[in-house]
Every structure is written in structure tokens, then in C-alpha cells.
Amino acid sequence: MPKSQKDWEDQVKGMIKAELKRRGLSYADLVGKLADIGVMDSEPNIRNKLSRGKFTAVFLVQCLEAIGANVVSIQ
């Protein structure tokens, strides 16, 4: 059975949340690390994006690069 849009959104937000947890990072830490690479965003805005699971591929890659996740599992 094909995945629904919500399933895809849950998967992608789970990827970032899992990587943050593996590294012991909070949303505030993510805000700081994003700022270090020139991406300015507020903690509430990032929290909302991740909660909804609706954000661009660019934001996904920015987050993963900011936290040093060079390899991620999509499972």
C-alpha cells in the first residue's frame, strides 16, 4: 500500500528529530547551529516546521549539515 502524504511528513520530521536525539541536541542548539551556517530562524518557527513535518528539502539539508549528519537512514 502506498504511503500517504502524512506518512511521508512523519518520516521526514522523524529523520531530523532522530538525528537531534542521537547527538543530544535541542531545538535551541539547532537554531544556533543553523545560525553558524548562515541560516537565521527562530526556535518557535523551527519547532513548528518540525512538528508539522512540512518544510523544503533545502531546510532538511540545512538542518542535517548544521548538526553534522553526513549519513542518515530513511527507514
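**Close-up views of a four-helix chain**

**View 1. The whole chain holds four helices and zero strands.** The model shown is predicted. Read from the N terminus, its elements run α-α-α-α. The radius of gyration is 12 Å, and the globule rule gives 11 Å for 75 residues. The two values are close, so the chain is as compact as a globular protein of that length. Along the principal axes, the C-alpha atoms fill a box of roughly 40 × 25 × 20 Å.

**View 2. The chain has a buried part and an accessible surface.** Of the 75 residues, 33% are buried. The accessible surface comes to about 4,900 Å². Carbon and sulfur atoms account for 55% of that surface. Now consider contacts between residues at least 6 apart in sequence: 61% of them join residues at least 24 apart.

**View 3. Helix α2 spans residues 27–36.** Which residues of α2 are buried? They are Y27, L30, V31 and L34. These four cover an arc of only 105 degrees around the axis, which puts them on the same side of α2. A general rule of helices helps here. An α-helix has 3.6 residues a turn, so residues three or four places apart point the same way. What covers the buried residues of α2? The cover includes α1 (5–22), α3 (43–52) and α4 (57–66).

**View 4. F55 and F59 form an aromatic pair.** The count for the chain comes to one aromatic pair. In this pair, the ring centres of F55 and F59 are 5.3 Å apart. The angle between the planes is 65 degrees. Why is the pair called edge-to-face? Planes over 60 degrees apart count as edge-to-face, so 65 degrees qualifies. Are the two residues buried or exposed? F55 has 19% relative accessibility, and buried means under 20%, so F55 counts as buried. F59 is buried too, with a relative accessible area of 4%.

**View 5. K49 lies over the face of F59.** The distance from K49 to the ring centre of F59 is 4.2 Å. This is the F59 of View 4, where its ring pairs with that of F55. F59 thus takes part in an aromatic pair and also has a lysine over its face.

**View 6. The charged end of K3 sits over the ring of W8.** How far is the charged end of K3 from the ring centre of W8? The distance is 4.5 Å.

Key:
Residues are numbered from 1 along each chain as its sequence is written. This is a predicted model: local features need pLDDT of at least 70, side-chain atom pairs count only at pLDDT 80 or more; totals for chains, interfaces and linings use all residues. Side-chain values use heavy atoms; hydrogens and water are left out. Rings of Phe, Tyr and Trp (its six-membered ring) pair if their centres lie within 6.5 Å; planes under 30 degrees apart count as stacked, over 60 as edge-to-face and the rest as tilted. Buried means under 20% relative accessible area, exposed over 50%, partly exposed in between (1.4 Å probe, protein chains only). A charge sits over a ring if NZ of Lys or CZ of Arg is within 6 Å of the ring centre and within 35 degrees of the ring normal. Helices (H or I, at least four residues) and strands (E, at least two) are DSSP runs, numbered from the N terminus. The radius of gyration is taken over C-alpha atoms; the globule rule is 2.2 Å times the number of residues to the power 0.38. Contact means heavy atoms within 4.5 Å. Accessible areas come from the Shrake-Rupley method with a 1.4 Å probe; for residues, only the protein chains shown count as cover. The arc is that of the directions from the helix axis to the C-beta atoms.
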